There are 2 protein chains.
Amino acid sequence: MATDEGTTRVARLHHILRGDVLRGVLTPGQPLRLAALAKTHDVSMSVVREALARLAEGNLAVLTPNHGYRVVEVSREDLVAITELRVILEADALRRSIEHGDVAWESAVVASHHVLERATPYLSDGPGSTQEWSDAHSAFHSALIAACDNPRMLAITRQLRDGAEIYRQLSDGNLRASSTTQAGERDIAAEHRELMELATARDPRVVEALQRHLQRTTDDLIGSGIFGEPRH
Amino acid sequence: MATDEGTTRVARLHHILRGDVLRGVLTPGQPLRLAALAKTHDVSMSVVREALARLAEGNLAVLTPNHGYRVVEVSREDLVAITELRVILEADALRRSIEHGDVAWESAVVASHHVLERATPYLSDGPGSTQEWSDAHSAFHSALIAACDNPRMLAITRQLRDGAEIYRQLSDGNLRASSTTQAGERDIAAEHRELMELATARDPRVVEALQRHLQRTTDDLIGSGIFGEPRH
DNA sequence: GTTTTCATGATTTTCGAAAACTTATTGCTT
DNA sequence: AAGCAATAAGTTTTCGAAAATCATGAAAAC
């Protein structure tokens, strides 16, 4: 299946660049030069420019006047800010989702969890979590809140999830350096299973479970040393 | 003072178009034709296109592939969605603001409230609330939450506020048609004064006061008949 | 030795037109 | 008359290059 025609070049390039930023091919702060991108993707500079404008739309790139675009910078403060918002919004979206979700929603949650459970999380020699797992993970969290009846809330949480994904990818890159992950030693698969079971059972405690899940992930990310060692 | 040089044409046009959408010069659903806009604003089509891309960034315009941009549509459901999010996020931003705000913040709140209080809300023959009042109103709400320590939260609430402003402007356009505003007969100035006083006193009840304020505004907007008469 | 000025190169920003696409219209066939 | 292909007009999308802006470094001035 060619994921090609039927859409504009800008949209295609935007999709490619978004993926490159999310999987860390383009690193935070890196300048996004028009001529270079135009050449490597065999497209006009105008197309690159508009694709970058759409990246900026999702807070994945920033524009400085007369200096062009660059990949968005990362910081401990920003990761904390993103997480605070996700704990508020994604939790509320989940609350609404288990309230309004129908059988099709339940089924999608179970299905996406199954894909996530079967995905290979790490490659023994790879650079971190696999693309397969990242995609499945994103799809699962997306499915959980899909039945929320506030479209704007979904759009915002999707954007925040993208922002957080950059940090996860960054941590993956550092994984081989820092020996083991952390003392607490999480069982992430178990957390996901719990989310799936509570959600499909319409148990309101799933909301707090998600909040803990998000908070732990951020704590681990910060603990993994992507911002340099934590202050004493 | 020329608000002209020192910035790019795209940025200038974006600022103009954003204002036109917010004050209802460009009406919801209206197609934004490149050639026409390029001619009236005396710039190239590329500039228009990128300015529109930035409008879409703030959810003020939408792009359909091969059909170009148009002003974002409005609906009762969307206004409700925006309000739900504002009640959650703007309230939390205010809670953080009264917690972290310093004297400079207090001063800015008092100052912006003073400007709002002195602004002429309506012109007897005008099309609705004055631009002066709208700007002052926006500045006041912005000042209230300015001391929030989560930049992303501020960015999102600003975007939501823009979205809501379209509906307010729409209601203004209908004002002369529907005789009086509503039965409840609000004293909006009093509500703003209460917000100002509670906020500068760091009274936590200001959070609920803001939530009530936002909810009432939306209820009035819906009651004003901008979506046609409310279902019986 | 330090600062300022001025060219040079690199990059962004803007332009005007060609190409692609969508919709409406015309003219032909049945 | 109705249906359909072909054409035309209008609009978006893409291109390639010109114009404007910013960074670099050398030469000149203090």
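These entries record what I looked up on two DNA strands and three helix pairs in a predicted model.

**Conventions**

I number residues from 1 along each chain as its sequence is written, with chains lettered from A and ligands numbered from 1 in the order in which they are written. Since the model is predicted, I note that local features need pLDDT of at least 70 and side-chain atom pairs count only at pLDDT 80 or more, while totals for chains, interfaces and linings use all residues, and side-chain values use heavy atoms, with hydrogens and water left out.

**Entry 1: DNA strand D**

I began with the residues near DNA strand D, a residue being near a strand if one of its heavy atoms lies within 4 Å of it. I found 19 residues around DNA strand D, and the closest are A:Arg9, A:Ser44, A:His67, B:Arg49 and B:Asn66. Of the strand D atoms within 4 Å of the protein, 82% belong to sugar or phosphate and the rest to bases.

I then looked up polar contacts (pairs of N or O atoms within 3.5 Å; within protein, one must be able to donate a hydrogen and the other to accept it, and residues adjacent in sequence count only if both atoms are side-chain atoms). A phosphate oxygen of DNA strand D lies 2.4 Å from a backbone N or O atom of A:Arg9, and a phosphate oxygen of this strand is 2.5 Å from a backbone N or O atom of B:Asn66. For A:Ser44, I noted 2.7 Å between a polar backbone atom and a phosphate oxygen of DNA strand D.

Which elements give two or more residues to the surface near DNA strand D? They are α1 (9-22) and α3 (45-57) of chain A, together with α3 (45-57) of chain B; helices here are DSSP runs (H or I, at least four residues), as are strands (E, at least two), numbered from the N terminus. By class, I recorded seven nonpolar, nine polar and three charged residues on this surface near DNA strand D, where Ala, Val, Leu, Ile, Met, Phe, Trp, Tyr, Cys and Pro count as nonpolar, Asp, Glu, Lys and Arg as charged, and the others, Gly among them, as polar.

**Entry 2: DNA strand C**

I turned to DNA strand C, which has 20 residues around it, with A:Arg49, A:Asn66, B:Arg9, B:Ser44 and B:Ser46 coming nearest. Sugar or phosphate accounts for 78% of the strand C atoms within 4 Å of the protein, and bases for the rest.

A phosphate oxygen of DNA strand C is 2.5 Å from a polar backbone atom of A:Asn66, and I noted 2.5 Å for B:Arg9 and 2.7 Å for B:Ser44. The elements giving two or more residues to the surface near DNA strand C are α3 of chain A and, from chain B, α1 (9-22) and α3. I found that α3(B) gives the most, with three residues. The surface near DNA strand C divides into eight nonpolar, nine polar and three charged residues.

**Entry 3: α8 and α9 of chain B**

I next looked up helix α8 (residues 188-200) and helix α9 (residues 205-223) of chain B, whose axes come within 9 Å and cross at roughly 155°. That makes α8(B) roughly antiparallel to α9(B); angles over 145 degrees count as roughly antiparallel, under 35 as roughly parallel, 65 to 115 as roughly perpendicular and the rest as oblique. Among the residues of this contact (heavy atoms within 4.5 Å) are B:Leu195 and B:Leu198 of α8(B) and B:Ala209 and B:Leu210 of α9(B). I counted its classes as seven nonpolar, two polar and five charged.

**Entry 4: α6 and α8 of chain A**

The axes of helix α6 (residues 131-144) and helix α8 (residues 188-200) of chain A come within 11 Å and cross at roughly 25°, and the two helices are therefore roughly parallel to each other. I saw that A:Trp133, A:His137, A:Phe140, A:His141 and A:Leu144 in α6(A) meet A:His192, A:Leu195, A:Met196 and A:Ala199 in α8(A). Six of these contact residues are nonpolar, three polar and none charged.

**Entry 5: α4 and α7 of chain A**

Lastly, I found that the axes of helix α4 (residues 76-100) and helix α7 (residues 151-173) of chain A come within 9 Å and cross at roughly 140°, which makes α4(A) oblique to α7(A). This contact has 10 nonpolar, two polar and six charged residues.

Key:
Axes fitted to C-alpha atoms, helices over the stretch in contact; angles between N-to-C directions.
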